Structure formats: structure tokens, C-alpha cells
Amino acid sequence: MKLFKGLLVAALLLTGCAAPAGNVNEPKGEEPKNPAAEPIKVLAPTGAPALSVMELAADGVNTVDFVTGSEALSAEFAKSDSDYDMILAPINLGAKLISADKTDYRLEAVITWGNLYLVGTSDTALEEAGNFAAFGEGSVPDIVFKNAVDVESIVPEITYYSSAQDVQGILLSGKAESGLLAEPAVTATIAKAKEQGIELKVILDLQSAYQEKMSTASSGFPQAAIFVKQGSEEKVSAALAQIESFVSAAASDSSKVSSLVDQLTPEVLGVPSSKIAAATWAKQNIRYTSASLCEADITTMLKLFGIDYTSEMLSK
């Protein structure tokens with residue numbers, strides 16, 4: 001997988017070019033927001049998890065690298081000498097390696113609670129003949145889909161594609177009448193479809209369907225989590241507080257989201273645009289919850305992957 005290398009935000013603002021990586025420093029002329037904090041290194045996947053650490057990436061203190069896909073995440077988890085103090089990753093990915101005693105990282109918090117939706121040309125698209133496009137077979141989107149919905153009752157033929165981007169293309173080409181997507185791609189796809197004369201709409205919120213089907217306490221499901229390297233607990237404490245504070249404030253102030261996306265660029269973060277990222281913040285269910293406070297929900301989710309949760313997985 002392509003690991004983006006960091007560029008100065010100042011350079012981004014001057015050139016307007018997309019940066020190939022996520023270590024982004026404070027713009028010239030501004031003081032770091034937390035100059036007393038010890039710098040840390042963070043690795044995060046693009047998309048919703050990346051949005052949660054935007055302020056950290058732009059504070060002029062820390063190094064935040066963004067990657068696409070899970071291969072780079074898995075490789076760093078497995079390294080005994082990884083220099084990343086914190087890794088954001090799908091909760092099942094980190095938990096599986098912890099349970100197998102193959103990583104020095106431990107679970108600190110859940111940071112995203114699901115951003116999956118079914119879209120279709122009509123409210124009855126799942127009851128009519130046609131094609132349904134899905135992605136991520138065997139991964140979190142697929143497992144949640146199959147446990148939140150009675151898949152056997154879906155009338156259209158289900159076809160899996162390698163990525164959400166592929167699903168978007170199939171829907172926009174008219175080759176499928178319904179499909180599985182994640183925000184903010186949902187909103188972007190609906191908007192593009194409208195430009196092409198295709199009417200698409202959200203026909204099911206998988207977070208709500210999952211909670212109802214699985215009888216979980218929290219809305220949504222543990223999707224991406226924050227894992228802290230053993231020995232870095234004290235070092236990352238300020239960064240964790242900053243992340244929690246930012247995602248809470250962003251929920252009521254979309255300008256914080258759009259300005260940081262513009263600063264770091266949509267290309268680096270893996271989102272369609274700053275406008276869409278801000279508009280879909282609530283639907284992306286980005287919220288910080290200490291793992292110790294949602295153990296029942298984590299247990300339910302990990303069981304779907306054949307992983308037995310224990311409190312020993314938690315960061316101390």
C-alpha cells in the first residue's frame with residue numbers, strides 16, 4: 001500500500017496541490033497549539049478515521065501519516081520496533097493480532113461507529129429484480145451488512161467488488177439499482193448520480209439496523225479504533241485528549257471540519273471534498289469512546305470475526 005509522506009501545510013496552501021502524505025505541520029506564522037506536548041507519530045487510514053485526527057495532524061507538533069488500505073497498518077502492528085506511538089485501524093484487525101500475541105499495541109478507544117448505508121433507485125429496490133453492488137467481502141462492511149440485514153430476503157443479485165469506488169462506478173453506470181456504500185462516498189455518489197439523471201437515495205442506515213438486530217447498547221458498531229503502543233501510554237495522553245476534544249467540537253461546528261480538510265487537502269485524507277466531509281460528519285459517526293466504557297459492544301462485534309474479547313486487550 002502507498003504510504004503517504006508528509007508535506008508542509010504551507011506548501012499545500014501556496015501551490016493548491018494534493019500532498020502524497022499526511023505529516024502536515026502548522027502553517028507559517030502560527031504557533032503550534034500545544035508546544036509543550038511531546039511529539040508522537042500516528043498512523044491512520046484514509047476516510048473517516050483520518051478525519052478524527054485532522055487537528056492532531058495540523059497542530060505543528062506531531063507526525064501523522066495516512067495510508068490507503070490495511071496492508072501498511074498490519075505491517076506496523078506486527079513490527080516489534082515500529083516507531084508509531086498510535087495506530088488507528090479497523091478494530092477487528094488490531095484485536096486479532098492482540099489475541100494472537102503478535103503485536104505490542106493495545107486497544108485504547110473506539111473512534112468511528114459505522115458509516116455504512118444501502119442506497120438504491122427506490123425504497124423498494126431490495127424487493128425488485130436487478131443488481132446489488134457490494135464491497136469488502138469478508139471485511140467489516142460485509143460482516144455488518146450480513147448481520148444487520150436478512151440477506152436471503154434481498155431480491156437483486158448481489159455482486160462483490162474490490163472497493164467502494166468500484167461500487168460507486170457501477171451505480172453511476174446504471175449497471176446496479178442498489179448497493180452498499182460508506183459515507184462520505186454515499187453523499188458524493190448521490191450528487192453525481194443526480195447530475196447524470198439517475199435518482200439514488202439512502203434506503204437503509206446499517207448502523208440503526210445493526211443495533212436493532214444485535215441489541216447493542218450504543219448506536220452503530222465499533223468500526224475503527226485507536227491502538228496505543230505499549231510504553232507510549234503517557235506520551236500519547238495529551239494527543240488522545242486533543243482527539244476527543246476535537247471530534248466533540250466538530251459535531252457542532254462544521255467549519256472546524258471544512259477548514260482542516262482544506263488545509264490538509266481532501267486527497268491526503270481520502271474524502272471527496274471539504275464541503276461533503278463537513279456535511280456528512282454526523283452520518284460518519286465519528287465519536288471518541290474509551291474502550292473500557294463499551295466493552296459489551298466490542299465483545300459483540302469481535303465475536304462476528306471469531307475473536308474472543310478480554311480486558312487484557314486494553315491499553316493500560
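Helices and strands here are DSSP runs, numbered from the N terminus, with at least four residues for a helix and at least two for a strand.

**Figure 1. Welcome to the whole fold, a predicted model.** By that assignment the protein has 14 helices and 11 strands. Of its 316 residues, 52% are buried. Take contacts between residues at least 6 apart in sequence: 73% of them join residues at least 24 apart. The close-ups that follow visit a few places in turn.

**Figure 2. Helix H10 and its buried face.** H10 covers residues 237-250. How far apart are its end C-alpha atoms? They are 20 Å apart, which agrees with the 20 Å that 14 residues should span at 1.5 Å a residue. The buried residues to look for are Ala239, Leu240, Gln242, Ile243, Phe246, Val247 and Ala250. Viewed down the axis of H10, these residues fall within an arc of 160 degrees, so they line one face of the helix.

**Figure 3. H10 packing with H11.** Two packed helices are described by the angle between their axes and the distance between the axes. For H10 and H11, the angle is about 115 degrees and the axes are 7 Å apart. The pair therefore counts as roughly perpendicular. On the H10 side, the meeting residues are Phe246, Ala249 and Ala250; on the H11 side, they are Ser254, Lys256, Val257 and Leu260. By class, the contact holds 5 nonpolar residues, 1 polar and 1 charged. Phe246 and Ala250 may look familiar, since both are among the buried residues of H10.

**Figure 4. The crossing of H5 and H14.** Here helix H5 (residues 91-99) meets helix H14 (residues 295-303), their axes coming within 10 Å and crossing at roughly 85 degrees. That angle makes H5 roughly perpendicular to H14. H5 brings Ile91, Asn92 and Ala95 to the contact, while H14 brings Ile298, Met301 and Leu302. Of these residues, 5 are nonpolar and 1 is polar, with no charged residues in the contact of H5 with H14.

**Figure 5. Ala75 in helix H4.** H4 runs over residues 71-78, and Ala75 sits within it. Is Ala75 buried, partly exposed or exposed? Its relative accessibility is 40%, so Ala75 counts as partly exposed. Please also find Thr103: it is 28 residues from Ala75 along the chain, and the two C-alpha atoms are separated by 9.9 Å.

**Figure 6. A cis peptide bond at Pro184.** Most residues other than glycine have a negative phi, and most peptide bonds are trans. The bond joining Glu183 and Pro184 is cis, with omega about 10 degrees. Pro184 belongs to the loop between strand E8 (178-182) and helix H8 (185-195).

**Figure 7. Positive phi at Thr265 and Asn285.** Thr265 is not a glycine, yet its phi is near 85 degrees. Where does Thr265 lie? Look in the loop between helix H11 (254-264) and helix H12 (266-269). Thr265 has 7% relative accessibility, under the 20% cut-off, and so counts as buried. Asn285 also has a positive phi without being a glycine, at about 55 degrees. The loop that holds Asn285 connects helix H13 (274-279) with strand E11 (286-290). With a relative accessible area of 16%, Asn285 is buried.

Notes:
Residues are numbered from 1 along each chain as its sequence is written. This is a predicted model: local features need pLDDT of at least 70, side-chain atom pairs count only at pLDDT 80 or more; totals for chains, interfaces and linings use all residues. Side-chain values use heavy atoms; hydrogens and water are left out. The expected span of a helix is 1.5 Å times one less than its number of residues. Buried means under 20% relative accessible area, exposed over 50%, partly exposed in between (1.4 Å probe, protein chains only). The arc is that of the directions from the helix axis to the C-beta atoms. Axes are lines fitted to C-alpha atoms, for helices over the stretch in contact, and angles run from 0 to 180 degrees between N-to-C directions. Angles under 35 degrees count as roughly parallel, over 145 as roughly antiparallel, 65 to 115 as roughly perpendicular and the rest as oblique. Contact means heavy atoms within 4.5 Å. Ala, Val, Leu, Ile, Met, Phe, Trp, Tyr, Cys and Pro count as nonpolar, Asp, Glu, Lys and Arg as charged, and the others, Gly among them, as polar.
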